[in-house]
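Dear colleague,

Please find the structure below, handed over for your use. My notes on what was found in it follow directly after.

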Amino acid sequence: MRSKADMYNLFMDIAKADNRILAVYMNGSRTNKNVPEDIFQDYDIVFVVKETGSFINDKDWIKKFGNILYMQYPDESEENPGDKENFYGWLMQFDDGNRIDLHVETVIHAKENILNDKLCRILLDKENILPDIPEASDRDYHVKKPSEVRFRECINEFWWCSNNLAKGLWREEMPYVQDMANFVVRKQLEKMLSWKAGIITGFSVSTGKSAKYLYKWIGKEEYHEYLDTYFGGSIEEAWEAVFKMCNLFNSATEYVAKGLGYTYNIKEAKAAETFLKHVRNLPKDATEVLPSIVPEGNPPEKMPSGIKKLYIYDAYGEKNGKRITEKDLNRLLEDIRNKEGVGISLYKDPDLEGDYMQIEANNNLIFLQYVENYCMADECVYSCFNPDYLYSDEWSPIDASDGQSVILMRYTMEDAGLAAKCVEYFVRTGQLYPGMAWLRE
């Protein structure tokens, strides 16, 4: 492999021997003192010339640089033909391992653009045609402190597009998921982690293309967590990686918000994450994405009188099969208001079969659930619900009266007075209380 000195001498010899070439400059990673040298660094070389046409038309000219293994003509693209008269390039991989990204550029074009790139070093200027340029620096590529608007936009884009990951994974459309994860959602994670690196370093460093230098500025453990967010072709592996992305984004966003004095809308983040969890567990034969909510209607001006024929199932066996009375109802309502040791189901059938309402109350929470058309094809379940946990699978502290069932937080309520009205209305009418919204599944 030709050495760095060999390559620089080659560039100078070719430029000095050719009257069409007036100056030579280099840009890219080899001018950046903060980038470690390695054998894969290419040479980004620009020859400033009187005109580009003769170089483009001479197909053998580039052979001066060595034996080409393969190459690319970026300015011959049909979609992006470039400005050949002023700037033209050849990207060449040589058989000794070196790579040169070579361009020829007119004097006018060079004078107009050379100062735009701070990572630039003049190697030769035969006639002093190029302006004085400062020492090469990567400061233009340093992480920039985001405005609060940009900070919020990044957060919103991450969580909004996580919705696309959810539907793509549910559909098992892995190519779509990979694109959405790596080219949209991950880019927001890269931004947030880069802003964290900026805060740590006083916004004095670059994290590089695709945040490839993040490992220098964030902790080793956090960087490995970031690497764990990449996934292969497995749907389950992808789900796990997506939630790792969410956890990492949350922690990085909290750090950046605190460091910059910005506000993080954690409620939006929690809603998006719980939606992801909900979709992950959504059956393939689901007919709707989210459970339906029967909205709150107009409550009666006063509670109806009388009692429907309802039969009590008490998990402790005290009243199994007994028809409920006013005395039973009053005791039940008192226990509900106190949230004390309630574990009762009310059936419409004396054999304790078919439709029923289940009532559980303890540990300062209440669970109400009405099952209609039990064990039939059109079975429907109506429950009280907590909107803050609507898509969460978090367990509630309610001790179910059967000693084994788990009641999720999404199916709980705290308003004991409203719960008592729901139960009393059901006992007196056999119907759901219209003064409360119900979750229908």
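**The sheet and its helices**

In this predicted model, helix H9 (residues 326–338) lies across five strands: S8 (311–314), S9, S10 (342–347), S11 (356–362) and S12 (365–372). The direction of H9 is at about 135° to S10. A further helix, H10 (residues 416–429), also packs on the sheet, where it touches S10, S11, S12 and S14. Between the directions of H10 and S12 the angle is about 25°.

The sheet itself is open and has 8 strands, in the order S7-S14-S13-S12-S11-S10-S8-S9, with antiparallel pairing. Its edges are formed by strand S7 (292–294) and strand S9 (322–323). Each of these two has a single partner strand, so one side of each has no neighbour in the sheet.

One pairing may be followed at the level of residues. Strand S13 (residues 380–383) and strand S14 (residues 438–440) are joined over 2 bridges in the antiparallel sense. Opposite Arg 440 in S14 stands Tyr 382.

**The largest pocket**

The volume of the largest pocket is about 660 Å³. It is lined by 26 residues, of which Tyr 141, Ser 206, Thr 207, Gly 208 and Lys 209 are the closest to the centre. Helix H5 (residues 174–201) supplies the largest share of this lining, with 5 residues. Sorted by class, the lining of the pocket comprises 10 polar, 9 charged and 7 nonpolar residues.

**The enclosed space**

How many cavities of 30 Å³ or more are there? The count comes to 1, and the space in the largest cavity is about 30 Å³. The residues that line this cavity are Phe 55, Ile 56, Asp 58, Lys 59, Ile 62, Tyr 73 and Trp 90. By class, 5 of the lining residues are nonpolar and 2 are charged, while no polar residue takes part.

**A loop residue**

Gly 261 is found in the loop between helix H7 (235–260) and helix H8 (266–280). Is Gly 261 buried or exposed? Its relative accessibility is 59%. Because the exposed class begins over 50%, Gly 261 counts as exposed. From Gly 261 to Glu 273 there are 12 residues in sequence, and the two are 24 Å apart in space, taken from C-alpha to C-alpha.

With kind regards

Note on methods. Residues numbered from 1 in each chain as written. Predicted model: local features only at pLDDT ≥ 70, side-chain atom pairs only at ≥ 80, totals over all residues. Heavy atoms only, no water. 1 Å grid on protein atoms, 1.4 Å probe; cavity = no way out; pocket = protein on both sides within 12 Å on 5 of 7 lines; lining within 4 Å. Points joined across faces, edges and corners; volume = space filled by probe spheres on them. Helix = DSSP H or I, 4+ residues; strand = E, 2+ residues; numbered from the N terminus. Nonpolar A, V, L, I, M, F, W, Y, C, P; charged D, E, K, R; others polar. Buried < 20%, exposed > 50% of the residue type's maximum accessible area, 1.4 Å probe, protein only. Pairing = 2+ DSSP bridges. Contact = heavy atoms within 4.5 Å. Axes fitted to C-alpha atoms, helices over the stretch in contact; angles between N-to-C directions.
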